[in-house]
Amino acid sequence: MAKRNFVKIEPDECKGCKVCVHACPKECLHIGSDINKIGYQYAKFEDKGCTACGLCFYVCPELGAITVYKNEEEEKEK
Amino acid sequence: MIKHQKPEAFYDTFERKGPGQKTTHYCPGCGHGTVHKLIGEALSDFDIADKAVFLAPVGCGVFIYYYFNSASIQCAHGRAPATGTAIKRVHDDSIVISYQGDGDLGGIGASEIVHAANRGENLTVIFINNAIYGMTGGQMAPTTLLGQKTKTTPFGRDKDIDGMPLRISELLNTMEAPVFIERTTLGTPKGVMNTRKAIRKAIQNQKDKKGFSFVEILAPCPINWKMTPVDARKWLRENLEKFYEVKNFRDKDGEKQSGKYPWMENAELLELLDIVKEKDKQTTRKTIKNGEEKVKIAGFGGQGIMSVGVLLSNCAIKKGMESTWLPSYGPEMRGGTANASVVIAEEQIGTPVVDYPDTLITMTIPALNTFEKNVNPGGLIIVNSSLINRKVQRDDVNVYYVPATELANKVGLTATAAVIMLGIYAQIKGIIDTDILKLILPQSLSKAKYVEINLKAIDAAEEYYKNNPL
Ligand SMILES: Cc1ncc(C[n+]2csc(CCOP(=O)(O)OP(=O)(O)O)c2C)c(N)n1
Ligand code: SF4
Ligand code: SF4
Ligand code: SF4
């Protein structure tokens, strides 16, 4: 199974502030059009060479919204 | 593998507005959440979350205790460094983190932070400088920039009217004692990573008992700055960072402060305060049912509720027991509701708060209405039947009716009714007795001319109870 780096966003914990979007050096993050339970359009991940650097995790003001995986099997990504 | 995830130092859910909630109460893009995450990560990595004591400020950070699975104290506005000083003096090994905004720390609390820093208290202070009062809706803070428009500076902050923005880090840097002072920024991801480093250092310093460590963090308040979170970070870089230099001011590595405070044993302390001699303590200590008696004395302001509470507490202490007294007033000077919580115990008291009293002493109907249901089953309710014309509805408690106000009028002073109630209480429960009441009473009255009539009131209580025992 291929291993790679990726980020999981908890849809209902994101407030769509876009701070992570601007922080990612690889432009892996964007705000999607879906609206979450608390009324925000939330961030989504699209792998464009994620290095698992964690910048998105650190800048994000929501404590549990972002989890960063390094060298993880793809099937866990969803 | 998971490289970064919600740090363990946080609760699973943040139940401020009900169960299951996982988001913070902060506005989208607020700087507070980012700083929380950095602190939480440090506590988890250093494995000290269970030793951490957070000092919650007044300001948007007030709900910090909903997030961190650590101890916390909600401090009076700006007084966190004083509270933290006290905690460190008695719990040297705790990790005290004072988390304060610029209004809290730089405005109302400017004095506390200056003196705590000057004493070199072994504290970690995290100072969120967002150049505004966030929680109250965007008024000028001491750190608001010149020209910056806020609710209270609609034409922009003016040096001649409002003074210059306060550079707190520079101010503290004039002192000798602090070991670490750094200003960081959340304006860029790199700034966030440097903030992370500074926070870790400031916490590590406290662990190593080095002394006062201070991190000022330039943080966005998108809501009150009236910008998007992304624009707010840009504004922060282009304005706040220009006036507030982002740099390390001081990092005195390797210097240890002694951290040893003179310590006094309880007995010595009691002696010094002239409260009770240790030997009296053994002989007079009463056995209280369950080791603790919780009393609520309730009525109107002006009825002597508070003084009688203090009197009861002092009698218990004189008898060699532990006791606390906690007043609760309505806003009115006279006539509003008032109640005093008194705890008497054989051992140390955990909390002075009395939600479920063993004894309720009620002077008025509203007081009875409020507290009757809370009395512990098997407990006691003493009712001032002169002012309360209804019966107690509970059938699982002991009730004693005494026309205290009538008796007081007969003695010659209506205000002694509360003392009469206390005299009755002493005789029913036997935890304190009327002799000790008479002994302590003169010391607790501010006016000597009332001593005699109050002593007569206790006599009246004795006589009434002799004729009408429970
Ligand atoms: C004694 C007292 N004075 C004033 C207030 C009103 N008040 C509440 S929060 C606050 C200032 C908050 O600003 P800051 O410390 O910068 O924190 P922020 O909300 O921006 O995070 C003030 C003045 C109060 N609660 N208590
Ligand atoms: S971990 Fe780094 S590279 Fe990956 S999405 Fe987050 S910021 Fe981008
Ligand atoms: S920084 Fe956090 S809250 Fe903001 S958009 Fe990204 S994931 Fe959502
Ligand atoms: S008002 Fe400002 S400081 Fe307070 S939560 Fe909102 S953005 Fe944050």
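A cavity here is a set of points, on a 1 Å grid over the protein atoms alone, where a 1.4 Å probe fits but cannot get out, and its lining residues have an atom within 4 Å of a point. Grid points are joined across faces, edges and corners, and a volume is the space filled by probe spheres set on the points. The model shown in these views is predicted, with local features needing pLDDT of at least 70 and side-chain atom pairs counting only at pLDDT 80 or more, while totals for chains, interfaces and linings use all residues. Residues are numbered from 1 along each chain as its sequence is written, chains are lettered from A and ligands numbered from 1 in the order in which they are written, and side-chain values use heavy atoms, without hydrogens and water.

**View 1. The second largest cavity holds ligand 2.** Two cavities of 30 Å³ or more are counted, and the second largest has a volume of about 100 Å³. Its lining has 15 residues, with A:Val7, A:Cys24, A:Cys50, A:Cys53 and A:Cys56 closest to the centre. That lining divides into 12 nonpolar, two polar and one charged (Ala, Val, Leu, Ile, Met, Phe, Trp, Tyr, Cys and Pro count as nonpolar, Asp, Glu, Lys and Arg as charged, and the others, Gly among them, as polar). Ligand 2 takes this space (a molecule sits in a cavity if more than half of its atoms lie within 2 Å of its grid points).

**View 2. A close look at the shell around ligand 2.** Of the 13 residues around ligand 2, A:Cys24, A:Cys50, A:Cys53, A:Gly54 and A:Cys56 come nearest (a residue is near if one of its heavy atoms lies within 4 Å). By class, this shell has 10 nonpolar, two polar and one charged residues.

**View 3. The largest cavity is the space taken by ligand 3.** Here the volume is about 130 Å³. Of the 18 lining residues, A:Cys14, A:Lys15, A:Cys17, A:Cys60 and A:Pro61 lie nearest the centre. The lining comprises 12 nonpolar, two polar and four charged residues. Around ligand 3 itself, look for neighbours including A:Gly16, A:Lys18, A:Cys20, A:Ala43 and A:Ile66. The shell of ligand 3 has seven nonpolar, one polar and two charged residues.

**View 4. Helix H1 of chain B covers residues 31-46.** Helices are DSSP runs (H or I, at least four residues), numbered from the N terminus. 14 of the 16 residues of H1(B) are buried (under 20% relative accessible area, 1.4 Å probe, protein chains only), so the helix is largely enclosed by the rest of the structure. Just after H1(B), B:Asp47 has a positive phi of about 55 degrees.

Methods:
On a 1 Å grid over the protein atoms alone, a cavity is a set of points where a 1.4 Å probe fits but cannot get out, and a pocket is an open set with protein on both sides within 12 Å along at least five of seven lines; lining residues have an atom within 4 Å of a point. Helices (H or I, at least four residues) and strands (E, at least two) are DSSP runs, numbered from the N terminus. The expected span of a helix is 1.5 Å times one less than its number of residues. Buried means under 20% relative accessible area, exposed over 50%, partly exposed in between (1.4 Å probe, protein chains only).
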